[in-house]
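Hello,

Here is the structure I promised to pass on to you. Have a look at it first, and then read my notes below.

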Amino acid sequence: MDINDIFKESVSSKTLMPSKSKRKLGATPGLRTLKEGGYGIADASSSADGVDSEPAKRVKRSESDSADDGADDDDDADDEGGRFFSDGLTTDEKGVMTWVDNMEIMDDALDQAAVQRMVVRLERAVSKNTEDRIKHANSPQLFAESEADLDEALQRLLLLANDVQYLGVLEDLGALSTLVGLMAHENADITLDVIQFVVEVTAEDAWSHEGESTEERELVSAFVRALAAQEFFEVLGQNLRRLKEDSDSFEGEADRMGVFQSLSLVENIVSLDSTIVSSVVSAMDLLEWLRARITQSVYSRAGAKGSTMTQADPNQQYAAELVSILLHSNWQLRIEASSGQLGLTLMECLAKYKKLTPEDEVEMEYLENIVDSICMMVSTRVGKNVFVEAEGVGLLLVLQQQQQHVARLLSLKILDYAMSPAHLDPDSKDDNGDDAAQAKVLAVSMAKRYIENRGLKYLFSILMHQGKGGVQRLYKKYPETDERAVSCLASLLRLTSRDSPERWRLLAKFASTPTDGSSWKLYIDRIVELNIEYFERVQEVEAQSDSDSESEADSDSEVERYSQRLEAGLFSLQMTDIVVAFVAEDPKAREYIELRLKRKGRTLAMVAEELAEYVAVREETDLQAAPRRQIIQRIKESHEGPLTVAHMLDHI
């Protein structure tokens with residue numbers, strides 16, 4: 001019989017011996033001890049037979065009364081004191097049970113001594129289980145009891161999640177090596193107990209009960225580093241690969257939970273201490289495992305009923321989410337992902353949705369995480385290069401042709417990141433000038449490729465919210481689409497040279513032509529409409545911020561106000577400003593823009609002011625070096641006469 005089969009059975013006398021599986025206590029206390037401890041033990045003289053006796057003054061009932069009420073007595077006995085409803089315990093037995101309950105509470109009171117007892121209990125359980133498994137290797141039922149004791153000892157460690165200050169005791173007593181050793185236990189349930197314990201103590205709730213606690217956070221971080229020194233994460237990575245998720249059996253469900261717990265542990269570490277994330281991921285060889293997992297669905301392998309071959313399962317979605325989290329949190333992991341096969345695999349996963357729509361919320365989250373991961377990849381110079389070589393722009397064009405599919409809108413986010421300036425290594429001591437220059441060359445090539453392959457048709461279709469029915473519902477579900485479209489439009493204008501065919505094709509959308517009629521006005525109306533919308537949102541937040549801190553004028557308050565305006569939509573406002581500035585180069589378009597802006601109290605001079613702030617912040621390495629208004633004034637003084645949008649084009 002397999003040991004896992006034993007643990008699946010209900011607990012009975014056939015599987016575990018009740019007399020031996022009960023909680024082990026110390027020496028049995030005497031009645032005198034219990035009586036003195038106040039546990040409700042009656043004096044022996046008060047009850048001849050040891051059961052509760054009626055008071056001596058109780059009036060005796062006649063035999064006839066007893067006979068007449070006999071039936072009622074029987075009913076009362078069943079209803080109140082009979083064997084069906086009473087606990088059947090004597091006073092002494094009740095006292096003993098109360099003592100046991102109090103001992104349980106005393107055990108749960110956590111201190112250093114209690115933790116030491118937990119460790120001793122764990123070590124004994126491990127030794128006993130190891131001995132029984134060797135002695136009775138062919139008779140699992142004979143070591144089932146010691147396995148249950150080991151499971152209970154591990155469960156007791158979960159109490160440390162409520163008070164992480166005692167985690168260091170585990171290291172001092174050498175328990176970490178024991179835990180790491182149990183990761184290779186033949187019973188997968190024991191391994192999952194260890195993983196669950198580490199997950200619980202590293203969860204944010206464990207080290208941040210009431211707000212951020214630096215001391216507790218450092219304690220948990222030190223615990224994780226100590227585990228890493230014991231090669232815990234190498235074993236965890238090996239364990240991930242031995243779990244079989246594609247089974248519909250009890251073991252398959254347990255293995256799926258084990259995968260979920262393992263991924264949760266890595267996510268906890270990202271929140272806990274980002275400085276050790278790279279080493280943990282490397283020790284587990286996690287990126288390679290994640291690369292394989294995001295391409296495979298348990299539904300397709302197991303042939304689950306009601307699920308298609310392409311539908312993402314929960315752990316597949318979680319694997320995609322963890323990829324996104326890791327790439328967001330660590331610049332080096334972005335480079336590693338882009339340099340390896342993960343970047344290409346992410347694009348393959350995205351390509352599945354050229355003509356498919358996610359079937360449920362789980363798969364929708366899966367797709368969004370794939371898109372987020374690609375965005376992080378193409379934010380680096382290496383990622384941009386991989387994206388260009390893998391015909392990533394062509395993939396985005398194919399996605400944008402499909403009006404009814406959500407991937408059409410999500411692809412704009414990738415295009416926006418791909419054409420934006422590269423994120424450079426924050427830890428590099430060099431100026432990263434070469435990387436930035438190479439990234440810009442790649443972005444220019446992507447912009448040119450996009451325009452040459454009729455990408456403007458799809459971009460302006462999204463900008464104008466063209467489509468009916470389900471397409472309109474998608475626009476409402478993803479309101480950030482407008483911001484992405486405007487940002488992509490601004491990037492295309494910046495990345496194309498002044499006299500290039502690509503620039504002229506782009507500006508022609510906003511220019512009056514004999515064959516175009518009035519569509520150019522519709523495009524300008526849309527840009528100006530978004531410009532005014534973002535301006536009003538930013539103005540509202542700025543007015544509230546100024547009223548709340550009229551007396552504050554230091555650089556910190558200036559940075560805080562700038563951050564609040566960014567959250568309100570300042571960046572999107574500046575992107576529409578860039579588009580307005582380029583389009584206003586045409587005299588007829590400029591006249592129409594001024595007319596539309598004037599209706600809402602806006603002018604091109606205000607647009608120029610906002611662009612001056614955008615340029616100043618982009619070029620300033622430290623915003624606190626000077627207040628925002630001083631930076632803008634410096635930009636103004638670099639030009640003769642009033643600042644205009646034409647002046648700002650030289651900086652953009």
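**Where two helices meet**

In helix 22, the residues M364, L367, E368, V371, D372, I374, C375, M376 and V378 touch L410, K413, I414, Y417 and A418 of helix 25. Contact here means heavy atoms within 4.5 Å, and helices are DSSP runs (H or I, at least four residues), numbered from the N terminus. By class, this contact has 11 nonpolar, no polar and three charged residues. In that count, Ala, Val, Leu, Ile, Met, Phe, Trp, Tyr, Cys and Pro are nonpolar, Asp, Glu, Lys and Arg are charged, and the others, Gly among them, are polar.

Helix 22 covers residues 361-378 and helix 25 covers residues 407-419; their axes are 8 Å apart, at an angle of about 10°. That makes helix 22 roughly parallel to helix 25, a label for angles under 35 degrees (over 145 is roughly antiparallel, 65 to 115 roughly perpendicular and the rest oblique). The axes are lines fitted to C-alpha atoms, for helices over the stretch in contact, and the angles run from 0 to 180 degrees between N-to-C directions.

**Before you go further**

Please keep in mind that this is a predicted model: local features need pLDDT of at least 70, side-chain atom pairs count only at pLDDT 80 or more, and totals for chains, interfaces and linings use all residues. Residues are numbered from 1 along each chain as its sequence is written, and side-chain values use heavy atoms, with hydrogens and water left out.

**Salt bridges**

How many salt bridges does a search of the whole structure find? It finds 25, counting a side-chain nitrogen of Lys or Arg within 4 Å of a carboxyl oxygen of Asp or Glu.

One of them belongs to the helix pair above: K413 and D372 meet at 2.5 Å, N to O. K413 lies in helix 25 and D372 in helix 22, so the pair ties together parts that are 41 residues apart in sequence. D372 is buried, at 18% relative accessible area, while K413 is partly exposed, at 21%. (Buried means under 20% relative accessible area, exposed over 50%, and partly exposed in between, with a 1.4 Å probe and protein chains only.)

Another salt bridge stays inside one helix: E288 and R291 meet at 2.9 Å, N to O. Both residues lie in helix 17 (residues 286-293), three residues apart, about one turn of the helix.

E483 and R537 also form a salt bridge, with their closest N and O atoms 3.8 Å apart. E483 is in helix 29 (residues 481-495) and R537 in helix 31 (residues 519-548), so this pair ties together parts that are 54 residues apart in sequence.

**Cysteines**

The search of the whole structure finds zero disulfides, a disulfide being a pair of cysteine sulfur atoms within 2.5 Å. Why does C375 not bond to C488? The closest cysteine sulfur to that of C375 is in C488, and at 9.9 Å it is too far for a bond. C375 is buried, at 1% relative accessibility, and C488 is buried too, at 0%.

**Two loop residues**

Most residues other than glycine have a negative phi. E231, however, has a positive phi near 65°, and sits in the loop between helix 13 (214-229) and helix 14 (232-242). R454 has a positive phi as well, near 60°, and its place is in the loop between helix 26 (433-452) and helix 27 (455-463).

Enjoy exploring!
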